[in-house]
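Here's a quick walk through a two-chain model, written for someone with the structure open on the screen. Grab a cup of coffee and follow along.

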Amino acid sequence: MTALKPTPPSDAQPMYKKREPVHPKLVSGKFRSFKFAFMALALAVYYGLPWIRWDRGPDAPDQAILFFADGKFYFGPIEIWPQEVYYITGILILSSLGLFLVTSLFGRVWCGYACPQTVWTDLYIAVERFFEGDRNKRIKLDRAPWTFNKIWRKAAKHAVWLLIAAATGGALVFYFHDAPSLAYNFFTGHAPTTAYVFVAILTFTTYSLAGTMREQVCTYLCPWPRIQAALTDEDALNVTYRWDRGEPRGPHKKNDTWDGRGDCVDCNACVTACPMGIDIRNGAQLECIHCALCIDACDDIMKKVGRPTGLIAYDSDKNVELRAAGQPAQKFRLFRPRVIIYAVLISAITALMAYGLFTRSTFELNVLKDRSPSFVQLSDGRIQNGYAIKLVNKRIDPKNIRLEVTGIEGADVSLVGEEHGDLDVEIPGEGVTRFRMIIKIPEDAVDGNDRLRIVAIDTETGEQDANFIPFSSPRRN
Amino acid sequence: MSEHDKDIDAATGVETTGHEWDGIKELNNPLPRWWLYIFYICIAWAVVYWIFMPAWPALPGMGTNTPGIRNHSDRALVAESIDALRSARAENGAALIEASVEDILADQDLRQFAMAAGESAFGDNCATCHGAGGRGAPGYPTLADDVWLWGGGLDEIQHTITYGVRQENMESRFSMMPAFGRDQVLSAEEITNVAHYVRTLSGLEEASDASIAGQEVFEWNCVACHGEAGTGDQFQGAPNLTDRDWLYGSDMATVQATIYNPRNSAMPAWGERLDETTVKALAVYVYALSGSEG
């Protein structure tokens, strides 16, 4: 640790910390092309998905992806009810494990290519570049006085940003409503207030996060960079400056010898290309989103000075250390314990969810025992318990359900309102039907620790759902 | 600020706030700019809020507060949603009035609606005495079992709820057990004997000299209402004395006290307080609690 030196106090110490503007220079290369391609794909998926139709019959929504419609989630042929929300949990768990897996293999590819913050920031920078020119022109424009030229360029940029922001919010609400009718209602002023509120909120967040806050979101707001250090290791492929090859750095004149010096000509191309405003040559750092644009920038320079490309490349810390020590680099180790653990976890959870999805029930039985009174004794001495029976039919068609009660001899079972002893009921489709079940058992057949098994059987398919439920009676020893 | 002497922390070079606690000083580090902007936005938002929403206490003669141009009122919104709820219930509610209680119980949809409405009405109006789920309490009949003072059929329950017990209206359930002790109809010994006899009816005690003596008292004074065998009479609300169910308690002292000075407890006529839909829903719910007419 170096001792902190007191810095001289300034008179006009500001009350806030000013952001250093970052003006990344446009680079060309395979990573830049890939990033643009991926951005196009990601935006197409985001804007397009809600418009895909899926026929589910006359009484169900025909949107392929729809969230919270009557509390249900629709994913193509899959319909998830609120009580099956563990599938959503499963998807979230799979997503985070997927992130862990790719991070331990290739570092922060999520941050660099797929994160909405990256995609939209990249889009916003492209708009900025379109109106204000590349890095140098932008820096010059920022410093220039407010002429008409500057005003219209800035105004146009912010207008297009706001338009994109509104479209971003606009697309999100389509995931929660029937997209075509909502789009019509939205522009005719008849959409629900929540739709306008959420479009407004997302317009604001998109505009501020991608337009004005940008790299500060990753550095200050996002927890992912902080978790990062625990997920990556010396074997992971990260965007790495190969200092073993680059140092000692320094300017290089044509025809000078390359002996005794590194390949880095200190041209700053990697720094000016960086959307995070950092210097990759300082090593792995929290701010780096591993977008690989510095690789493109550096490769371009290396070709120009006639040195091999890959001074900055996807590489592991271990290999850089090995080469620096004069040893040959290792091959990329795909099968490491953590990679295998993540892969196994992902396959296991996927298999579990698929199994659950394919074998899940078309109806559900929920039995709630009366708590007050937990039992009554009838005038003939029998013990009576009351139960609330809920039958959930997840299909549109009605079902015929037979209820069976086993577990205690001599139980007299009836459903209130039905013929005594008739336990065959028809339940309507898409909903919950409630019954009240009364069970009477002779006093000498129970001892206070009894349990019943109540089974609901679909009389057509034979599908069953069972509940175990206590039968209360005065405790006898 | 600038005329003050600045207190600069030596280790970091950052100005301190000048506050000191046991030698510990607080650094005055700058706020991030976005944070500051959010603060300004909040202030601007407050001004917008004043314009649109009720906010400031009003000047005299302008009501309680500035209304705001949206004329927002939480009270009006609540009234609106209660109206919406009423109209949403109107269809099923109207069906409840049309249908007889038997029809309501037999129809799956109406039954579910009546059970839900009845459950909430029961919790608001009945559970105070009869207990949650009609579990009962000393003096307040258990509604979840098969013992009924005034009859456990749907129509009988509906009648009892509508007109109450021992109320002044003509339809009310009404009967009055004489105060055999207080009015000096029976002597203390006779009361003790008949109490012993009553307890033998449901097997609470063995026959004894006292109970045999009490049987004669019973035949002279009690059979008119409770019946020769003591099985009671639902037309008069006379409890069955041979079953295991005791409204006030089955111990000797309680039985004696009841004969000496009966309680003759009452229930309000709910038809005067609740609408017909609610009373019908309550009848169905109370019937369903026990599921049997006894």
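What should the 15 residues of α11(B) span at 1.5 Å a residue, and how far apart are its end C-alpha atoms? The expected span is 21 Å and the end C-alpha atoms are 22 Å apart, so the two agree. Keep in mind that this is a predicted model.

**Two helices of chain B**

Staying with α11(B), this helix is mostly covered, with 14 of its 15 residues buried. Just past its end you'll find Gly291(B), with a positive phi of about 75 degrees.

Now try the same ruler on α7(B), which covers residues 188–201. Its 14 residues should span 20 Å at 1.5 Å each, and the end C-alpha atoms are 20 Å apart, so the length agrees here too. Side by side, the numbers look like this:

| Helix | Residues in helix | Expected span | End C-alpha distance |
|---|---|---|---|
| α7(B) | 14 residues | 20 Å | 20 Å |
| α11(B) | 15 residues | 21 Å | 22 Å |

Which residues of α7(B) are buried? They are Glu190(B), Ile191(B), Asn193(B), Val194(B), Ala195(B), His196(B), Tyr197(B) and Val198(B). Among the elements covering these buried residues are α8 (209–221) and α10 (252–260) of chain B. After α7(B) comes Gly203(B), whose phi is positive, near 75 degrees.

**Chain B as a whole**

Zooming out, chain B has 11 helices and 3 strands. Along the sequence, the pattern is β-β-β-α-α-α-α-α-α-α-α-α-α-α. Of its 294 residues, 29% count as buried. If you take the contacts in chain B with a separation of 6 or more, 54% of them are between residues 24 or more positions apart.

**Where the chains touch**

Across the interface, 36 residues of chain B are in contact with 30 residues of chain A. On the chain B side, β3 (31–32), α1 (33–52), α3 (101–106), α4 (108–125) and α11 (276–290) each supply at least two residues. The most comes from α4(B), with 4 residues. Sorted by class, this side of chain B has 16 nonpolar, 10 polar and 10 charged residues.

**Over to chain A**

Chain A has 15 helices and 15 strands. Of its 477 residues, 27% count as buried. Among its contacts between residues at least 6 apart in sequence, 69% join residues at least 24 apart.

Two of its sheets are worth a look. One is an open sheet of 4 strands, in the order β12-β10-β14-β15 (chain A), with antiparallel pairing. Why is one side of β12 (424–427) and of β15 (464–471) in chain A left without a neighbour in the sheet? Both stand at the edges with a single partner strand each, so there is no neighbour on one side. From one strand to the next, the twist averages 25 degrees. Within this sheet, β14(A), residues 450–458, runs antiparallel to β15(A), and 8 bridges join them. Arg451(A) stands opposite Pro470(A) in β15(A).

The other is an open sheet of 3 strands in the order β2-β3-β4 (chain A), again with antiparallel pairing. Here β2 (65–69) and β4 (78–80) of chain A stand at the edges, each with a single partner strand, so one side of each lacks a neighbour in the sheet. Ignoring direction, neighbouring strands of this sheet are turned by 10 degrees against each other on average. β2(A) pairs with β3(A), residues 72–75, over 3 bridges in the antiparallel sense. For Ile65(A), the bridge partner in β3(A) is Phe75(A).

Key. Residues are numbered from 1 along each chain as its sequence is written. Chains are lettered from A and ligands numbered from 1 in the order in which they are written. This is a predicted model: local features need pLDDT of at least 70, side-chain atom pairs count only at pLDDT 80 or more; totals for chains, interfaces and linings use all residues. Two strands pair if DSSP finds at least two bridges between them. Axes are lines fitted to C-alpha atoms, for helices over the stretch in contact, and angles run from 0 to 180 degrees between N-to-C directions. Two residues are in contact if their C-beta atoms, placed from the backbone, lie within 7 Å. Ala, Val, Leu, Ile, Met, Phe, Trp, Tyr, Cys and Pro count as nonpolar, Asp, Glu, Lys and Arg as charged, and the others, Gly among them, as polar. The expected span of a helix is 1.5 Å times one less than its number of residues. A residue is buried if 20 or more other C-beta atoms lie within 10 Å of its own, exposed if 12 or fewer, and partly exposed in between; C-beta atoms are placed from the backbone.
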